[in-house]
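This report introduces a protein structure to a reader who has not met it before. Please look over the sequence and the model shown here before reading on.

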Amino acid sequence: NQYDYQITNVDAEYAVKISDKISITPGLSYQYVKFDDTDYRVDDDNTSAGFLNGSPSLNTLAGFIRTDINVTEKWRVLAALRADKFSAPDDTYLAYEFASTYKLNEKNLVRVAVTRSNSGSFIGYNYLNVIVPTPVPGLNVTQTGNTNLNLFTVNMIEIGYRAQLTKSLQLDIDVFNQRAENFTEITAKEFNQMIGVVTAYQFSNL
């Protein structure tokens, strides 16, 4: 399988320093990708062609903001929020991070973080279009994508501790809990009882 692709990424952000202790950075991001395997088709009847059999595209428009606040000389708070509007799935996802560090003294620091993140949109999950011939005349097996998938998402809570034991020895301990949702797998969708085979597969959430 061969394909051509085009990629466009545009990112812009602007740091605003409110004071010596507070900074805010808003920004925008645009991502576009197009895959095309129409020039590499093998058969005109679609039975032995590419894995997309077309020229699908994906785009994502995102806005984000980051803040860095030094509440005191020992206490620092970081916060970030991002909203991504995807073309497939046609939905908006929020990702965030809230983190805080506190210096117990010059050699000991504790930190805590609460985060949520999601995967990007994948061309294969959305637009796979494979047609596989079988020995039975007129019967093909299809494998297709799904533009309505929920994106893989991870929520995490983290607590950490760092100690500078000596000039050249540092101790770092992390305890975290992660919860992952919306795994994706290609699953059977249609079954031909006459010949006892699955004739259609499609990506779906588990």
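## Pockets, core and selected residues

The lining of the largest pocket comprises 8 nonpolar, 3 polar and 4 charged residues. The model described here is a predicted one. The space in this largest pocket amounts to about 260 Å³. Its lining consists of 15 residues, and those closest to the pocket centre are Arg 66, Ala 79, Ala 80, Leu 81 and Glu 97. Four strands each give two or more residues to this lining: E3 (22–36), E4 (57–70), E5 (75–86) and E6 (91–105). Strand E5 supplies the largest share, with 5 residues.

The second largest pocket has a volume of about 170 Å³. Among the residues that line this second pocket are Ile 7, Thr 8, Asn 9, Gln 31, Tyr 32, Val 33, Leu 58, Phe 86 and Ser 121. Strand E1 (4–13), together with E3 and E4, gives two or more residues per strand to the lining of the second largest pocket. By class, this lining holds 5 nonpolar and 7 polar residues, and no charged ones.

The two pockets may be set side by side.

| Pocket | Volume | Nonpolar lining residues | Polar lining residues | Charged lining residues |
|---|---|---|---|---|
| Largest | about 260 Å³ | 8 residues | 3 residues | 4 residues |
| Second largest | about 170 Å³ | 5 residues | 7 residues | no residues |

Attention now turns to the nonpolar core. In soluble globular proteins, nonpolar side chains tend to be buried together. The largest nonpolar core of this model has 11 residues, including Val 33, Phe 35, Leu 58, Ile 123, Leu 149 and Phe 203. Val 33 and Leu 58 also belong to the lining of the second largest pocket. Leu 149, a member of the core, is in contact with Pro 89, Tyr 93, Tyr 125, Thr 184, Phe 203, Ser 204 and Asn 205, when neighbours within four places in sequence are left aside.

Two threonines in strands are considered next. Thr 153 lies in strand E10, which covers residues 153–164. Thr 153 counts as buried because its relative accessible area is 2%, and buried means under 20%. Its side chain reaches the backbone oxygen of Leu 151 at 3.0 Å. Beyond the neighbours within four places in sequence, Thr 153 is in contact with Tyr 93, Arg 116, Ser 117, Asn 118, Arg 179, Ala 180, Glu 181 and Asn 182. Tyr 93 is also one of the contacts of Leu 149.

Thr 199 belongs to strand E13, residues 197–205. With a relative accessibility of 10%, Thr 199 falls under the 20% cut-off and is therefore buried. Again leaving aside neighbours within four places in sequence, the contacts of Thr 199 include Leu 139, Asn 140, Val 141, Thr 142 and Glu 190.

Is Asp 172 buried, partly exposed or exposed? Asp 172 is partly exposed, because its relative accessible area of 38% lies between the limits of 20% and 50%. Asp 172 is placed in strand E11, residues 170–181. Residues up to four places away in sequence not being counted, Asp 172 touches Arg 111, Tyr 161 and Arg 162. Its side chain makes a polar contact with the side chain of Arg 111 at 2.9 Å, and another with the side chain of Arg 162 at 3.3 Å. Asp 172 and Val 141 are 31 residues apart in sequence, and their C-alpha atoms are 53 Å apart in space.

Methods. Residues are numbered from 1 along each chain as its sequence is written. This is a predicted model: local features need pLDDT of at least 70, side-chain atom pairs count only at pLDDT 80 or more; totals for chains, interfaces and linings use all residues. Side-chain values use heavy atoms; hydrogens and water are left out. On a 1 Å grid over the protein atoms alone, a cavity is a set of points where a 1.4 Å probe fits but cannot get out, and a pocket is an open set with protein on both sides within 12 Å along at least five of seven lines; lining residues have an atom within 4 Å of a point. Grid points are joined across faces, edges and corners, and a volume is the space filled by probe spheres set on the points. Ala, Val, Leu, Ile, Met, Phe, Trp, Tyr, Cys and Pro count as nonpolar, Asp, Glu, Lys and Arg as charged, and the others, Gly among them, as polar. A nonpolar core is a set of buried Ala, Val, Leu, Ile, Met, Phe, Trp, Tyr and Cys residues joined through side-chain atoms within 4.5 Å. Buried means under 20% relative accessible area, exposed over 50%, partly exposed in between (1.4 Å probe, protein chains only). Contact means heavy atoms within 4.5 Å. A polar contact is a pair of N or O atoms within 3.5 Å; within protein, one must be able to donate a hydrogen and the other to accept it, and residues adjacent in sequence count only if both atoms are side-chain atoms.
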